[in-house]
Amino acid sequence: MTTKPSDRAEPTGAWLVSLIAELLGIDKEQVPTDRPIGELGIDSLTAAQLSVEVEERTGANIPLQRFLGGETLAELVAEAEHAKPGASPAAGRGKAPGAGE
Amino acid sequence: MTDPIALSPAAPAAPAARTSFEAAAELEQILGCPFDPDNAMSLARGVRADDLEAEPTAAYEAAWSAGLHEHLVPVSEGGRLASFESLLAVVRVASRRELVVSVGLGSTMLATVGVWLWGDDAQRRRVAELVLGRAWGTAGISEDAAGSDLLATATRATPVDGGYLLNGKKWLVGNGRRSRFATVLAASEPSFGLFLLDFDALGGQGVERLPKVRTHGLRGHDLSGFTLENARLGAGAMIGRPGRGIEMISGMLQFTRTLIGGSSLGAADTALRLALRHARGRKLYGGSALALGPVRSLLARGFADLLVAECTELAAARALDVARERMPLWSAVAKYVVPQLCVDAVTACGEVLSARAYLREGIGDGAYQKIVRDIAITPVFEGTQLVLLDTVRSQLTSAARRRGGPPKLALSLLFGFGEPVATLAPREGRPGLVYGGVDEVVQLLDEAVAALHGDAELTALGRTLLAVRDETREAFRGFPTHRTPEAYEAARRHCLVHAAACCLHTWRERRDALGGLATDRAWLSLALRRVVERLGFPVTPDREAEDRLVHRLTELDDDDRAFSLVPLRLAPQHRESRTRPDLRSTP
């Protein structure tokens, strides 16, 4: 993933919007936070990347299919933020696929 | 076995024994010639089992005795899988004899890869023990209503005290009836998960095996399924992290999709051998059929297709060893290109065999019709052609939106066919979701074409490939994220350019070390023509190259060598008596 460690202080909403915009090749302003995220036309590969990245950064497991559905980005961000305190992405048996070598 | 591959006179023979193909060369000799009907893994026995829709039990026994199954278990887990290039060569050896054997072991491989990659110590130890003990494994991924759409998976793993209860039906899965263990994809919390199921431990509780499905080819293979009804698994059954089942499957497929090309290549070798021998022995219009230009042209073009497939396949298998991060793209490209090219080669052989291609007896004991039916599955399973084009499309669309980077991987390493490499244990190089936007094979095509300077004809073919590459690259910058016919066509063209680039890199990086056929311009000339034709450009034939390639084929066959740029020494070839009825001059 292209997000840098220095981005980590950023609120979840901001970096997630940046990441979605980067993965879809659109401007950040074009990423709506209050409409169903499925409207963006995210494909399953991009959804999987987002899901893995959210888990790596916040410890929240938001399955890829939820990036394809009727929830808003604001709702997903709220869930990721909620999981953040005490989350330990490095825990568990093995890294998530796509987490890099 | 001091000379498992043919080396050029300039290259010393000694290092050959230490190539990645050593295990395959050894297996060749142990398994014996498939044309000898008395052999356990003979074409004749394979045809008989196929006629009866029966498992080729003698072939399985021979494969196990030769230790074929040990090559599915990584060295780090106590097996003999030292590199994926080496495994590829082993798969080719098995597949030139009996695809039912290699596909059965391939299904086991798919069931094990996730365990090697993400399994804990106990899971890896158990699965290694089972596979080394000759157990079959099954990958419980596919369902009746969920084929390529994994998100439609209905099988469910419900967390209960101390484990999981599994419910669902897995269908159209290899080894579904006979497997001792399964890797099962199931919906669970927080999302899809992957579960290791030990059928013996369940003691039959909650498991029902489904009947073998009747198929066009691979009739001896156990393609079937199983249902799970409150099958109880322990807490240690989950593989990897919770909720990452879909991502893990996509990673596992990078390995199996790459290796499937080995099955296609092995089967195509035998088809080509049957056709060549028939053409040599067949008298037509007062001479040998091989003396006829059109027959030579068919054989040469079929051989060229096989060689394009081989260059693509060898590079992909080595990439599993040395460039695993590229495999989200390259495994899909190889799976799209290699099986289909081999099917095309087999089809050309059918034209040479003519009426004999239709018979279930005679030449090679009627093996050709079986090969046609068996190989037909290779472009279909583990991702159909459309699924693979979609993977290539989504990888390239995703990469086009982001900055790529300069090439990092040395082509001399990627194309150093046969040179042993220190492969990563599976868990030390877990597969990624995206390839990262750097594709040395296609990005370095310019250098490979430039190296053809002085050869105007081949340079022109190379320039056509460069133009297609640039057009395709540009097209992907404008595609939307959803599936369009235009994006699929661009993905197809990308795959073909990749295949041709593999030929050019092989020519540039490895021909001198390989020697023999690899140094003969004729193969490259025909290989490039075969790809450029498929891209829709008119191509003038190179009859001289066709003749040379047919000459090479006969030399390789006479010398008991694989039809390959890396011509493995085959088991001494059993040759049918010329007086047998099937070789008489009959209509």
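**Entry 1: two helices near the end of chain B**

Before I write down any angle, I note what it means: axes are lines fitted to C-alpha atoms, for helices over the stretch in contact, and angles run from 0 to 180 degrees between N-to-C directions. I also keep in mind that this is a predicted model.

I looked up helix α17 (residues 485–514) of chain B and helix α18 (residues 521–534) of chain B, and they pack at an angle of about 170 degrees with their axes 9 Å apart. Angles over 145 degrees count as roughly antiparallel, so α17(B) is roughly antiparallel to α18(B).

Which residues of α17(B) meet α18(B)? I found Leu496(B), Ala499(B), Ala500(B), Cys503(B) and Trp507(B). On the α18(B) side I found Leu524(B), Ala527(B), Leu528(B), Val531(B) and Arg534(B). By class, this contact has nine nonpolar residues, no polar ones and one charged.

**Entry 2: another helix pair**

Next I checked α8 (245–281) of chain B against helix α9 (residues 293–322) of chain B. Their packing angle is about 155 degrees, and the axes are 9 Å apart. That makes this pair roughly antiparallel too. The crossing of α8(B) past α9(B) is left-handed.

The contact list is a long one to read, so I jotted down part of it. In α8(B), the residues include Phe255(B), Gly261(B), Gly262(B), Leu265(B) and Leu272(B). In α9(B), they include Val295(B), Leu299(B), Phe303(B), Glu310(B) and Glu313(B). Sorted by class, the contact has 15 nonpolar, five polar and two charged residues.

**Entry 3: where chain B touches chain A**

I stayed with α8(B) and turned to the other chain. How many residues does each chain put into the contact? Chain B gives 28 and chain A gives 25. On the chain B side, α8(B) and α12 (385–400) of chain B are the elements that give two or more residues. The most comes from α8(B), with four residues. I sorted the chain B side by class and got 10 nonpolar, 10 polar and eight charged.

**Entry 4: domains of chain B**

The domain assignment splits chain B into domain 1 (14–132), domain 2 (137–239) and domain 3 (247–558). I looked at the first two: the C-alpha centres of domain 1 and domain 2 of chain B lie 24 Å apart. In their contact, 24 residues of domain 1 of chain B meet 18 residues of domain 2 of chain B.

Which elements supply the domain 1 side? Each of α2 (43–51), α5 (99–118) and α6 (121–132) of chain B supplies at least two residues. The largest share, 12 residues, comes from α5(B). That side of domain 1 has 14 nonpolar, seven polar and three charged residues.

**Entry 5: strands**

I followed α5(B) to a sheet: the helix lies across β1, β4, β5 (193–198) and β8 of chain B, and runs at about 75 degrees to β1(B). Those four strands form an open sheet in the order β1-β4-β5-β8, with mixed pairing. At the edges are β1 (137–140) and β8 (238–239) of chain B, each pairing on one side only. β1(B) and strand β4 (residues 181–186) of chain B pair in the parallel sense over four bridges. In β4(B), Phe181(B) is the bridge partner of Gly137(B).

My last lookup was strand β2 (residues 156–160) of chain B and strand β3 (residues 163–174) of chain B, which pair in the antiparallel sense over five bridges. Arg156(B) has Asn167(B) as its bridge partner in β3(B). This hairpin has two residues between the strands, and Gly162(B) takes a positive phi near 80 degrees.

Note on methods. Residues numbered from 1 in each chain as written. Chains lettered and ligands numbered in written order. Predicted model: local features only at pLDDT ≥ 70, side-chain atom pairs only at ≥ 80, totals over all residues. Domains from an automatic or database assignment. Contact = placed C-beta atoms within 7 Å. Nonpolar A, V, L, I, M, F, W, Y, C, P; charged D, E, K, R; others polar. Parallel < 35°, antiparallel > 145°, perpendicular 65-115°, else oblique. Left-handed = near helix turned anticlockwise from the far one by under 90°. Pairing = 2+ DSSP bridges.
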